[in-house]
Amino acid sequence: MSPSNILVATHKVSNLLRVYSRIPGTDLSMGEAPAFLVDDLQNEPLNNGFELKNGTCKTTTTCVDKTYVIGGADDGTLSIEVQIFDRNLGEWVHPIVHGTKPMSCKGHSAVLLKDRILIIKKGSKPDDQIWFLEVDTEYVRQLQKSLGSEVVAWSKGVTGNAEKPIVISGPSGVGKGTLIAMLMKEFPSMFGFSVSHTTRAPRNMEKDGVHYHFTEKSVMEKEIKDGKFLEFASVHGNLYGTSVEAVEVVADAGKRCILDIDVQGARSVRASSLEAIFIFICPPSMEDLEKRLRGRGTETEEQIMKRLRNAAAEIEQGKSSKIFDFILYNDNLEDCYEKLKKLLGLDDFVTAVSKSAPREIILPMDHTLSKIDDQIIVNCKSSELEKESKNLIMLDVSSLKGGAPGRTRGLDFRAISSFSDSLTGMAQFS
Ligand SMILES: Nc1nc2c(ncn2[C@@H]2O[C@H](COP(=O)(O)OP(=O)(O)O)[C@@H](O)[C@H]2O)c(=O)[nH]1
Ligand SMILES: Nc1ncnc2c1ncn2[C@@H]1O[C@H](COP(=O)(O)OP(=O)(O)O)[C@@H](O)[C@H]1O
């Protein structure tokens, strides 16, 4: 491990200079805050009105020619903010920040990984302590290209095999909504519906914000341009789309997200970093499909004909493309629902839950970080774990999956036995 691999400095702003002089083995070209940054941080108000309060904890992490200043107010109510200092231009940049921001906390540590910054919040609950600020991932680069601005994206880290979102597609009238409603009724605390945006008119029973966010075409087009959508498509003559927020809201509620989207949308999600299970629902026959559509009584004759015309192509794509992991025939509704539950691992629900519950490790306030390849070592200064002679926690980030928009999976925590504190490359700032 090279100490200069650690491009992180956590500091109380008031102690900035002192802290930088303590960083072991820091190398200006690799990560130390340059003199102008230190000067800027000490003189309030800063360029572009970027203000700092005494006692506010921030980290600075340098990736190539940009220094990411990450931190927020200390009152537990505000979110952690991000500012970027462009070292080439010598000026501050205000990035567009995507994803749900983590709430501010007592302090945090930061480590630069290849294309994202790992943030460990101190003294936070297990499900809120690991975050990633994506600075150079494919998702961020695409947004930067389409928006022509600096973009960063937050993604919460989850340990163990946190369940993937579920994408359900199929022709109009096949029974997607019915199956999803059954799933949400039986497992209300487990699933949450991703509420799409659409430009189509609401049906009689449909509520804005519950079934869809009903919106104007011009508004939705503007929001698409602003990068607010994970995917969108024109379906049966209307615009439909899944906003990043729709997926985040469900994940933030600790639920598994269900997306009811068409085949084009499923293809876009498949190409994105959102890891999901893709299920295509087929009708037993076109005659049955027509009967169901007419029986539902929510469309005009013209709309029914359009949906039936589109159904053939959708079924063809659903069956032949490599988008879908599973194809389910919805002939008898109860049978189809049982199959759906089985493939989601819900037929043996009790054992499924107990098997997948990961051990919860709470990282103490007082810890330091070091990095050896893809292993982050968290050295806990005082903790329950220390009493067990296990004051080191290994966080394996070698197999990260997913990321913004959505969760970053594949994190693995392991408490390990203590070894010398003098582990080289230890970055200790508080
Ligand atoms: N791509 C995409 N398709 C969506 C979205 N929301 C709904 N759809 C699809 O749009 C199509 C029409 O939906 P809707 O008008 O509610 O009619 P229904 O399928 O007959 O219930 C269906 O195939 C939905 O799966 C979305 O956010 N993105
Ligand atoms: N297996 C089934 N057999 C008969 N009718 C069904 C079945 N599944 C759903 N339906 C009915 O078909 C109609 C369309 O179902 P819906 O869930 O609205 O389809 P989608 O959401 O795919 O457009 C509804 O009236 C529903 O009650």
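User: How far from an oxygen atom of ligand 2 does a backbone N or O atom of glycine 177 lie?

Analyst: This is a predicted model, and the distance is computed from it. Gly177 is listed among the closest residues to ligand 2. Its contact uses a backbone N or O atom, paired with an oxygen atom of the ligand. The distance is 2.8 Å.

User: Which residue places a side-chain N or O atom 2.8 Å from an oxygen atom of ligand 2?

Analyst: Valine 174 does not fit, as its polar atom belongs to the backbone and sits 3.3 Å from a ligand oxygen. Glycine 177 also uses a backbone atom. The side-chain contact at 2.8 Å comes from arginine 296.

User: How much of the accessible area of ligand 2 does the protein cover?

Analyst: Contacts to ligand 2 oxygens include one from the side chain of arginine 296. On its own, ligand 2 has 560 Å² of accessible area. The protein covers 72%.

User: Which helix gives the most to the shell around ligand 2?

Analyst: Two helices each supply at least two shell residues: helix 4 (176–186) and helix 8 (286–296). The top contributor gives three residues. That is helix 4.

User: How many charged residues does the shell around ligand 2 have?

Analyst: The shell holds 13 residues. Three are nonpolar and six are polar. The charged ones number four.

User: Which residue has a side-chain N or O atom 2.4 Å from an oxygen atom of ligand 1?

Analyst: The closest residues to ligand 1 are Ser172, Ser196, Arg200, Tyr212 and Tyr240. Serine 196 has a side-chain contact to a ligand oxygen at 2.6 Å. Arginine 200 also makes one at 2.6 Å. The 2.4 Å contact belongs to serine 172.

User: How much of the accessible area of ligand 1 does the protein cover?

Analyst: Side-chain contacts to ligand 1 oxygens include one from arginine 200 at 2.6 Å. Alone, ligand 1 has 570 Å² of accessible area. The protein covers 96% of that area.

User: Which strands give two or more residues to the shell around ligand 1?

Analyst: Ligand 1 takes up the space of the second largest pocket. Two elements reach the two-residue mark in its shell. They are strand 15 (229–235) and strand 16 (238–243).

User: How many nonpolar residues does the shell around ligand 1 have?

Analyst: In total, 21 residues surround ligand 1. Eight are polar and eight are charged. The nonpolar ones number five.

User: How far apart are the end C-alpha atoms of residues 163–345?

Analyst: UniProt, in an unreviewed entry, lists this stretch as "domain: Guanylate kinase-like". In the model it is 44% helix and 22% strand. Its end C-alpha atoms are apart by 10 Å.

User: Which peptide bond is cis, with omega near -5°?

Analyst: The bond leads into a proline. Proline 405 lies in the loop between strand 23 (401–402) and strand 24 (408–416). The cis bond runs from alanine 404 to proline 405.

User: Which residue has a positive phi of about 55° although it is not a glycine?

Analyst: Look in the loop between strand 2 (57–63) and strand 3 (66–71). The residue there with this phi is valine 64.

Note on methods
Residues numbered from 1 in each chain as written. Chains lettered and ligands numbered in written order. Predicted model: local features only at pLDDT ≥ 70, side-chain atom pairs only at ≥ 80, totals over all residues. Heavy atoms only, no water. UniProt positions renumbered as here; feature names shortened; annotations may be inferred. Helix = DSSP H or I, 4+ residues; strand = E, 2+ residues; numbered from the N terminus. Near = heavy atom within 4 Å. Polar contact = N/O pair within 3.5 Å; in protein donor to acceptor, adjacent residues only side chain to side chain. Areas by Shrake-Rupley, 256 points an atom, 1.4 Å probe, with all protein chains shown as cover. Nonpolar A, V, L, I, M, F, W, Y, C, P; charged D, E, K, R; others polar. 1 Å grid on protein atoms, 1.4 Å probe; cavity = no way out; pocket = protein on both sides within 12 Å on 5 of 7 lines; lining within 4 Å. Sits in = over half its atoms within 2 Å of the grid points.
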